[in-house]
Amino acid sequence: MFLTVIVLVVAVLGFRLLGALGVGRFASWPVSAAHGMAVLLVVTASAHFVPSGSPLPMPGHADMVAMVPPFVPFPSAVVYLTGVLELLGAAGLLLARTRWAAGFALAALFVAMFPANVHAALAGVSFAGGEATPLWFRTPEQVLFIAVALWATRGAERALLPVPRRRPVAG
């Protein structure tokens with residue numbers, strides 16, 4: 001139940017430690033948070049594509065499909081789509097020019113996916129044969145993910161899309 005939070009915390013602290021050891025890229029907490037969130041997203045997104053029952057200690061595609069509320073059409077396709085969006089968000093967080101847009105897009109994605117967390121908790125959807133994660137845990141976990149995604153945007157260029165830099169025209 002705490003695995004995702006542990007992955008996030010360890011990744012953020014690991015990147016910040018690298019910054020403290022002199023790796024300039026990780027000299028700030030927001031940049032370390034962006035990279036830590038990217039690690040978490042690669043881990044969680046992989047569950048969207050891994051077959052359920054795999055030997056990996058994680059949920060699989062069928063587990064993720066079971067989370068989708070009944071009112072959402074094409075649940076399998078939605079699971080694949082959200083996995084792709086998580087991977088794109090992770091890539092966007094790694095690049096300084098896209099970090100601001102990626103952080104806000106991921107916050108919106110986490111809000112949009114929250115009904116699946118509510119449904120999974122209330123319906124008792126278990127992952128990989130384990131117990132269902134209760135709503136009292138899922139809610140603050142989702143708030144944490146939103147907060148870290150937004151925190152990662154601090155100091156980033158405020159642009160929805162990266163704008164190519166123009167060279168001055170000689171004349």
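# A walk through an all-helix chain

Thr82 touches His48, Leu109 and Met113, leaving aside residues up to four places away in sequence. That is one spot in a predicted model. Thr82 sits in helix α4, which covers residues 75–94. Its relative accessibility is 12%, so Thr82 counts as buried; the cut-off for buried is under 20%.

Now step back to the whole chain. It has six helices and zero strands. Along the sequence the pattern therefore reads α-α-α-α-α-α, with helices and strands taken as DSSP runs numbered from the N terminus. The C-alpha trace spans about 65 × 40 × 30 Å along its principal axes. The chain has 171 residues, and buried ones make up 42% of them. Consider the contacts with a separation of 6 or more. Residues 24 or more positions apart account for 64% of these.

The surface comes next. The chain exposes about 9700 Å². Carbon and sulfur atoms supply 73% of that area. The chain carries 10 positive and 5 negative charges. The mean positions of the two sets are 23 Å apart.

Inside, the largest nonpolar core holds 22 residues. Six of them touch the most other members: Leu8, Met37, Leu41, Leu93, Leu106 and Phe110. The elements that give two or more residues to this core are α1 (3–20), α2 (29–46), α4, α5 (99–123) and α6 (135–151). A second core is separate from this one and has eleven residues. Val50, Met58, Val68 and Ala120 are among them.

Leu41 gives a closer view of the largest core. Not counting residues up to four places away in sequence, Leu41 touches Glu86, Gly89, Ala90, Leu93, Leu106 and Phe110. Among these partners, Leu93, Leu106 and Phe110 also appear in the list of core residues that touch the most other members.

Helix α2 also holds His35. Is His35 buried or exposed? His35 has a relative accessible area of 6%, so it is buried. Its contacts, again without residues up to four places away, are Phe15, Arg25, Phe26, Leu94 and Arg99.

Aromatic rings give another way through the fold. The structure holds seven aromatic pairs. One of them joins Phe2 and Phe137. This pair is edge-to-face, with 4.7 Å from centre to centre and 80 degrees between the planes. It links distant parts of the chain. Phe2 belongs to the segment before α1, Phe137 belongs to helix α6, and 135 residues separate them. Their exposure can be set side by side. Phe2 has 44% relative accessibility and so counts as partly exposed. Phe137 has a relative accessible area of 7%, so this residue is buried.

Trp29 and Trp151 form another pair, and this one is stacked. The ring centres are 6.4 Å apart, with 15 degrees between the planes. Trp29 lies in helix α2 and Trp151 in helix α6, so the pair ties together parts that are 122 residues apart in sequence. Trp29 is partly exposed, because its relative accessibility is 38%. Trp151 is also partly exposed, at 33% relative accessibility. Ring pairs also build a cluster, linking Phe2, Trp136 and Phe137.

Return to helix α4 for Gly92. Gly92 counts as buried because its relative accessibility is 11%. Which residues does Gly92 contact, leaving aside neighbours within four places in sequence? They are Thr98, Arg99 and Ala102. Arg99 is also one of the residues that His35 touches. Pro134 is another matter. Gly92 and Pro134 are 42 residues apart along the chain, and their C-alpha atoms are separated by 31 Å.

The last stop is Pro51, in the loop between α2 and α3 (61–67). Pro51 has 55% relative accessibility, so it counts as exposed; the cut-off for exposed is over 50%. Leaving aside neighbours within four places, Pro51 is in contact with Gly60 and His61. Pro51 and Glu157 are 106 residues apart along the chain. Their C-alpha atoms are separated by 38 Å.

How values were computed. Residues are numbered from 1 along each chain as its sequence is written. This is a predicted model: local features need pLDDT of at least 70, side-chain atom pairs count only at pLDDT 80 or more; totals for chains, interfaces and linings use all residues. Side-chain values use heavy atoms; hydrogens and water are left out. Helices (H or I, at least four residues) and strands (E, at least two) are DSSP runs, numbered from the N terminus. Buried means under 20% relative accessible area, exposed over 50%, partly exposed in between (1.4 Å probe, protein chains only). Contact means heavy atoms within 4.5 Å. Accessible areas come from the Shrake-Rupley method with a 1.4 Å probe; for residues, only the protein chains shown count as cover. Lys and Arg count as positive and Asp and Glu as negative; His and the chain ends are not counted. The place of a charge is taken as NZ of Lys, CZ of Arg, CG of Asp or CD of Glu. A nonpolar core is a set of buried Ala, Val, Leu, Ile, Met, Phe, Trp, Tyr and Cys residues joined through side-chain atoms within 4.5 Å. Rings of Phe, Tyr and Trp (its six-membered ring) pair if their centres lie within 6.5 Å; planes under 30 degrees apart count as stacked, over 60 as edge-to-face and the rest as tilted.
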